[in-house]
Amino acid sequence: MPSIVSNITVPLLGLVDVAITGHLGAAAYVGAIAVGGMLFNIIYWLFSFLRMGTSGMTAQALGARDLTEVVSLLLRALLVALLMASLLLCLQVPIREVALGFIQPSEEVAAFARAYFNICVWGAPAALSLFVLTGWSVGMQNSRIPMVVAVVQNVANIVVSFALVYGLQMKLEGVALGTVIAQYVGLAVALSLILLNYLRLRKYVSRGLIISKDSLFRFFFLNKDLFLRTCCLIAVHFLFIAAGARQGDTELAVNTMLMQLFTLYSYIMDGFAFAGEALVGKAIGGCRRNVYEDTVRHLFRWGWGLVVAFTLMYWLGGRAFLSLLTDDANIAEAARAYQPWTLLIPVCGMATFIWDGIYVGATATRGMLLSMALGGMVFFALYAMVVPVWGNHGLWLAFVLYLATRGFVQWMLRKRIW
């Protein structure tokens, strides 16, 4: 339950950002959030191995009672996170311009997106460090720390963003600055809670093990597949946003709003995936196959229940949701034409989110890479064949079948996990 609560706060934050910009009076603001937000999703997704890899390896080390490795994993991953964040800050301008050049938004959206990016990029050290601290806490079977951090961080973001946008009239810059401030608030809370709960483990610190050649090689070798998987994921989402941007500001705003429904569902399902990472990793580390099999069964029972709940919720409350996000009648009306596709998100996406958690806990990263690669191939093939004919409807068809393909391939490979 703590994992689910902590994950729910993340899409709610995104909804608030879209809702704030959706009431500023122009589709370009929503488009800028879509483009700027996607740039950071891409950047942070590239380094999501810092969370997933840390989680699975920590859970297995804990299951094997290797506390020296448990502590070394935390410090080693934090070191890598800070080095990667420094690299991002040094290369921020070329990264921004290359991405905007590929997406090709309108000049107005591009200008707003640059302003958003220029502020948000300074939150990279906090964001990447939080990946590590979250993954390590989940691996330690402690999902309460990520829950508290997520709630505090996102409440801070909402409060600060509203104050800056409506109090100081900062508009898009206020949303971006609120995000950065909240990221450092979250980092401070996470570090405080980990020190409070695990300071007793300081006696297991081994400087030589943290940066040893063998340990670093294993860390990057296991995370190589996760990194390549993320590159495939980024390619799909990047093209999805770019395709919307090329159809105009209204279509871009429509896809941004409807993708909030996918984001909401995905983060809640990731709460169950986090539980799977922790429980599966510990079961495999302790060589307890019966616990592993029970965990998989329980995860899918909950998953199918959520499929029914979310499908009904999106069917009955979709229009009210769109009205909440924007008061632009043209955007809301255009979005309703594509709303039926959102009903397919829960049933097509459930299996891949559950299996992702299981594969991460088992550090079976090659299966995750293969499923993502095949799913990406399905997306790109359909994109080339149906988007020229069906336009935005073809784009959404390609996306939901990409989700379904990932889950199916992971199910086919499930026997290789143990």
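These questions and answers go through helix contacts, an aromatic pair, a cavity and a pocket in a predicted model.

Trainee: At roughly what angle do the axes of helix H7 and helix H9 cross?

Mentor: Helix H7 covers residues 124–139 and helix H9 covers residues 172–198. H7 passes H9 in a left-handed crossing. Their axes come within 9 Å, and the crossing angle is roughly 35 degrees.

Trainee: How many nonpolar, polar and charged residues does the contact of H7 with H9 have?

Mentor: On the H7 side the residues include Leu130, Leu133 and Trp136, and on the H9 side they include Leu187, Leu191 and Ile194. Ser129 and Ser137 of H7 also take part, as do Gln183 and Gly186 of H9. Ser, Gln and Gly are classed as polar because they are outside the nonpolar and charged lists. By class, the contact has 12 nonpolar, four polar and no charged residues.

Trainee: Why does the pair of Phe240 and Trp396 tie together parts that are far along the chain, and how many residues apart are they in sequence?

Mentor: The whole structure has 19 aromatic pairs. Phe240 and Trp396 form one of them, with 5.1 Å from centre to centre and 85 degrees between the planes. Planes over 60 degrees apart count as edge-to-face, and this pair is edge-to-face. Phe240 lies in helix H11 and Trp396 in helix H18 (residues 392–412), so the parts tied together are 156 residues apart in sequence.

Trainee: Which element gives the largest share of the lining of the second largest cavity?

Mentor: The search finds three cavities of 30 Å³ or more, and the second largest has a volume of about 40 Å³. Its lining has 10 residues, with Met52, Gly53, Leu226, Thr363 and Thr365 nearest the centre. Two elements, helix H3 (49–63) and helix H11 (213–246), give two or more residues each. The largest share is four residues, and it comes from H3.

Trainee: How many charged residues are there in the lining of the second largest pocket?

Mentor: This pocket has a volume of about 300 Å³. Of its 16 lining residues, Ile42, Ile43, Leu46, Ile95 and Ala99 are the closest to the centre. Helix H2 (27–46), helix H4 (67–90), helix H5 (92–103) and H11 each give two or more residues to the lining. By class the lining has 15 nonpolar residues and no polar ones, and the number of charged residues is one.

Notes
Residues are numbered from 1 along each chain as its sequence is written. This is a predicted model: local features need pLDDT of at least 70, side-chain atom pairs count only at pLDDT 80 or more; totals for chains, interfaces and linings use all residues. Side-chain values use heavy atoms; hydrogens and water are left out. Axes are lines fitted to C-alpha atoms, for helices over the stretch in contact, and angles run from 0 to 180 degrees between N-to-C directions. A crossing is left-handed if the near helix is turned anticlockwise from the far one by less than a right angle, and right-handed if clockwise. Contact means heavy atoms within 4.5 Å. On a 1 Å grid over the protein atoms alone, a cavity is a set of points where a 1.4 Å probe fits but cannot get out, and a pocket is an open set with protein on both sides within 12 Å along at least five of seven lines; lining residues have an atom within 4 Å of a point. Grid points are joined across faces, edges and corners, and a volume is the space filled by probe spheres set on the points. Rings of Phe, Tyr and Trp (its six-membered ring) pair if their centres lie within 6.5 Å; planes under 30 degrees apart count as stacked, over 60 as edge-to-face and the rest as tilted.
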